[in-house]
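Hello,

Here is the structure I promised to pass on to you. Have a look at it first, and then read on for what turned up in it.

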Amino acid sequence: MGQLAQQMGKIDISDNESLSAHADGITAAEFRTAQQNHLALRSMWVRAETGNSEFCVINGLLCNRAPAHFVMTHEFLLVLPSSYIQEVIKLAHDLGGHFGVRKTCDRLSALYYFPKLRDLVKRYVKCCKQCHTRLKTSLLM
Ligand SMILES: [Zn+2]
């Protein structure tokens, strides 16, 4: 169980070392508090506590059971509270090498669960200055 606690507590979004290093500062306790304080997650907590098959609580953290048809590295996905979503999308997109919406979504959905993931990623990528600059440069060449 110790290893799982470590794994779930660490906001590690990929094998990329810089990502893990950046996220090390976030503790499981802080993350749990954010999950508990996020109103939109309240119904998920209730579902997890009433034995819903979609949500569960592991080491005090709210998790979503990964869809069976997904090839997952983790069986359970951490439910992200809104205060972490922007940061995590930024990490996945910027440090991930500015991939498009689909790849960024794939990376995120392998570890995290949050409502409207795709819409939020789409919006983020659309507003990414570096992606715009790169696109402009490649169109001119
Ligand atoms: Zn970008």
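What percentage of the 141 residues in the protein chain do buried residues make up? The answer is 26%. Please keep in mind as you read that this is a predicted model.

**The overall layout**

The protein chain has eight helices and four strands. If you follow the sequence from start to end, they come in the pattern α-α-α-α-β-β-β-α-α-β-α-α. As for contacts between residues at least 6 apart in sequence, 49% of them link residues at least 24 apart.

**The core**

A good place to start looking is the largest nonpolar core, which contains 27 residues. Within this core, L78, V79, L80, V88 and Y112 have the most contacts. Two or more residues each are supplied by helix 4 (42–49), strand 2 (61–65), strand 3 (76–79), helix 5 (82–95), helix 6, strand 4 (112–113) and helix 7. Helix 5 gives the largest share, with six residues.

You may like to click on Y112 while you are there. Apart from neighbours within four places in sequence, Y112 touches L77, L78, L80 and V88.

**Helix 6 against helix 7**

Next, try the pair formed by helix 6 (residues 101–109) and helix 7 (residues 117–126). Their axes lie 9 Å apart, and the two helices pack at an angle of about 130 degrees. How do they count, then? An angle that is neither under 35 degrees, nor over 145, nor from 65 to 115 counts as oblique, and helix 6 and helix 7 are therefore oblique to each other. The crossing of helix 6 past helix 7 is right-handed.

On the helix 6 side, the residues that meet helix 7 are V101, T104, C105, L108 and S109. Their partners in helix 7 are L117, R118, V121, K122 and V125. Sorted by kind, the residues of this contact are six nonpolar, two polar and two charged.

**One residue to look at: R32**

Finally, find R32, which sits in helix 3 (residues 28–37). Is R32 buried or exposed? R32 has 17 other C-beta atoms within 10 Å, so it is partly exposed; a buried residue would need 20 or more, and an exposed one 12 or fewer. Leaving out neighbours within four places in sequence, R32 makes contact with G60 and L61. R32 and L61 are 29 residues apart along the chain, yet 5.7 Å separates their C-alpha atoms.

Enjoy exploring it!

Best wishes

Key:
Residues are numbered from 1 along each chain as its sequence is written. This is a predicted model: local features need pLDDT of at least 70, side-chain atom pairs count only at pLDDT 80 or more; totals for chains, interfaces and linings use all residues. Axes are lines fitted to C-alpha atoms, for helices over the stretch in contact, and angles run from 0 to 180 degrees between N-to-C directions. A crossing is left-handed if the near helix is turned anticlockwise from the far one by less than a right angle, and right-handed if clockwise. Two residues are in contact if their C-beta atoms, placed from the backbone, lie within 7 Å. Ala, Val, Leu, Ile, Met, Phe, Trp, Tyr, Cys and Pro count as nonpolar, Asp, Glu, Lys and Arg as charged, and the others, Gly among them, as polar. A nonpolar core is a set of buried Ala, Val, Leu, Ile, Met, Phe, Trp, Tyr and Cys residues joined through C-beta atoms within 7 Å.
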